[in-house]
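Reader: Hi! Could you walk me through this model in a relaxed way, one topic at a time?

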2 protein chains.
Amino acid sequence: MISKNLIKLIKSLEQKKYRKREKLFVAEGPKVVGDLMALMAPQRIIATSEWYKGKQVSEDVVVTEDEIRKVSFLQHPQDVLALFELPEMEELPVEQLSDHLTLALDDVQDPGNLGTIIRLADWFGIEHILCNLGTADAYSPKVVQATMGSIARVKLHYTNLADYLEQLQDAVPVYGTFLDGNNLYAEKLSPSGIIIMGNEGNGISEQVERYVTKRLLIPSYPAERPTAESLNVAIATAITCAEFRRKN
Amino acid sequence: MISKNLIKLIKSLEQKKYRKREKLFVAEGPKVVGDLMALMAPQRIIATSEWYKGKQVSEDVVVTEDEIRKVSFLQHPQDVLALFELPEMEELPVEQLSDHLTLALDDVQDPGNLGTIIRLADWFGIEHILCNLGTADAYSPKVVQATMGSIARVKLHYTNLADYLEQLQDAVPVYGTFLDGNNLYAEKLSPSGIIIMGNEGNGISEQVERYVTKRLLIPSYPAERPTAESLNVAIATAITCAEFRRKN
């Protein structure tokens, strides 16, 4: 049985203000919950008795599949939903940048795109993502789900991106993708530095663009053919990160 | 003014059976409608007077922004919605395969993923996509929108993929991505052939896998680190297509 108060709490966590107030976020499904539990203890677990079987956790709330439907944010509810403590937001130390590749998102808006980017960052061993303050919140149920568990391994740092880049004073190369940049494949790419990806509609903002030291372009094929105007931001992020890793 | 019958018709086109019956599909927004109009005449246009201004088309249905809300499938309705004739499904001639790169989707289910794949195929000059019969329908409003206009330039061929591949008899290389394939970057990649991408949850099906002649893997980084189990299918498609184009 799940109490009315708990249902109300979970439902409220769809909104950022309640996540901040309660310092909690929601994760669903054995894969995502399992990946998070490998790194942090859940605050609450709502699961079917099937899910608890053989697990090293004491039973918290045991529900039927029908009951989990009442709190799930998924179209196809799975057999576990858990609440985890919202990680403390920490400033990313500048020293961390000099021997790692780091992503920076300049207001990526779509939760699906953000989740997909966190997942691919994990794949490519990018442990930290800087997010400008207009970027979608990574702890909304939609984003957490789209990361497929990678939210457990990739750290997000929400910050005023222009201010953050200002203090770097050219300590590391700052890459950005543009429709008039230099061919990604012809460029030397450093094994460390920041890769900035822009907003879905507007790309990289002027305030942030000032700090880009290397402008990259993902070439379309063949060059002269009429084609899509641009690539989806998660797609562009993937192709760029893959090329950095291929070269290094 | 927009008639009740027209509203009803447009709303019905969210469902495949009505798209098939009416032989129509919906596109929205100046970019997507414009890209389609460059290639085919719309059957109906519902737009604000603002949108018609300066266009070489006679006014069909003129509506206010409020009225367009009644028929739009978008969260943020734009100032034009148009109906286009559903293209005739044609079998992709085998001869076409021998000097082109072709994508094949083995039951990609998510409309957002399918739309994103059509958009990136356009970017990489892939003109034809084979879709196994369980693949999401490319003419649903969600997919059309996610293609950002690329649906106008990329041709879709729904077919029994295993049967189609059977008749090829090794005429072209058939690539597929697998978690135990050979490093994509170390492999010779042909400038033509078929690249198969699998379903979101299950990957490439057994029936289709039989026809794969070259198994590819997108390496994670660094190799030994615990990471995401897999990449989103649109992301994997993008990285694979980009590498084919880089090499050729």
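**Strands, domains and the pair of chains**

Author: Happy to, and keep in mind that this is a predicted model. Let me begin inside a sheet of chain B: B:Ala104 stands opposite B:Leu130 in S6(B).

Reader: Nice. Which helix packs on that sheet, and what does it touch?

Author: H11(B) packs there, touching S5, strand S8 (174-183), strand S9 (193-197) and S10 of chain B. The direction of H11(B) makes about 160° with that of S9(B).

Reader: And how do S5 and S6 of chain B pair?

Author: Strand S5 (residues 101-105) of chain B and strand S6 (residues 128-132) of chain B are joined by three bridges, in the parallel sense.

Reader: What's the strand order in the whole sheet?

Author: The order is S7-S6-S5-S9-S8-S10 (chain B), an open sheet of six strands with parallel pairing. At the edges are strand S7 (155-159) and strand S10 (214-217) of chain B, each pairing on one side only. On average, neighbouring strands are turned by 35° against each other, with direction ignored.

Reader: Great. Chain B has a strand S2 as well, so what does S2 pair with?

Author: S2 (residues 44-47) of chain B pairs with S4 (residues 80-85) of chain B in the antiparallel sense, over four bridges. In that pairing, B:Arg44 has B:Leu83 as its bridge partner. S2(B) is also joined by two bridges to strand S3 (residues 61-62) of chain B, and these two run parallel. There, B:Ile46 stands opposite B:Val61.

Reader: Let's hop to chain A. How is the sheet with S1 to S4 ordered there?

Author: In chain A, the order is S1-S4-S2-S3, an open sheet of four strands with mixed pairing. S1 and strand S3 (61-62) of chain A are at the edges with a single partner strand each, so one side of each has no neighbour in the sheet.

Reader: How many bridges hold S1(A) to S4, and does anything pack on the sheet? What does that element touch?

Author: S1(A) and strand S4 (residues 80-85) of chain A run antiparallel and are joined by five bridges. In that pairing A:Leu24 is opposite A:Glu85. H3(A) packs on the sheet, where it touches S1 and S4 of chain A, and the direction of H3(A) makes about 130° with that of S1(A).

Reader: What about domains in chain A, where do they run?

Author: Domain 1 covers 4-85 and domain 2 covers 94-247 of chain A. Their C-alpha centres lie 30 Å apart. The contact between them takes 15 residues from domain 1 and nine residues from domain 2 of chain A.

Reader: Which elements of domain 1 give two or more residues to that contact?

Author: They are helix H2 (16-22), strand S1 (24-28) and helix H3 (30-37) of chain A. The residues on this side of domain 1 divide into nine nonpolar, no polar and six charged.

Reader: Now the two chains. How many residues are in contact between chain B and chain A?

Author: The contact has 26 residues of chain B and 26 residues of chain A. On the chain B side, helix H7 (111-123) and helix H11 (233-247) of chain B are the elements giving two or more residues. H11(B) gives the most, with seven residues.

Reader: What's the make-up of that side?

Author: It divides into 14 nonpolar, seven polar and five charged residues.

Reader: How are the two copies related?

Author: A turn of 180° with a shift of 0.0 Å along the axis lays chain B on chain A with an RMSD of 0.0 Å. The two copies are thus related as by a two-fold rotation axis. Both copies use the same surface, with 100% of the contact residues of chain B recurring in chain A.

Reader: One residue to finish: where is B:Met148, and is it buried or exposed?

Author: B:Met148 is in the loop between helix H8 (141-146) and S7 of chain B. B:Met148 counts as buried because it has 21 C-beta neighbours inside 10 Å, and the cut-off for buried is 20 or more.

Reader: What does B:Met148 touch beyond its sequence neighbours?

Author: Leaving out residues up to four places away in sequence, B:Met148 touches A:Ala228, B:Lys31, B:Val32 and B:Arg119. B:Met148 and B:Val32 are 116 residues apart in sequence, yet 5.6 Å apart in space, C-alpha to C-alpha.

Conventions
Residues numbered from 1 in each chain as written. Chains lettered and ligands numbered in written order. Predicted model: local features only at pLDDT ≥ 70, side-chain atom pairs only at ≥ 80, totals over all residues. Pairing = 2+ DSSP bridges. Domains from an automatic or database assignment. Contact = placed C-beta atoms within 7 Å. Nonpolar A, V, L, I, M, F, W, Y, C, P; charged D, E, K, R; others polar. Axes fitted to C-alpha atoms, helices over the stretch in contact; angles between N-to-C directions. Least-squares fit on C-alpha atoms with pLDDT ≥ 70 in both. Buried ≥ 20, exposed ≤ 12 C-beta atoms within 10 Å, placed from the backbone.
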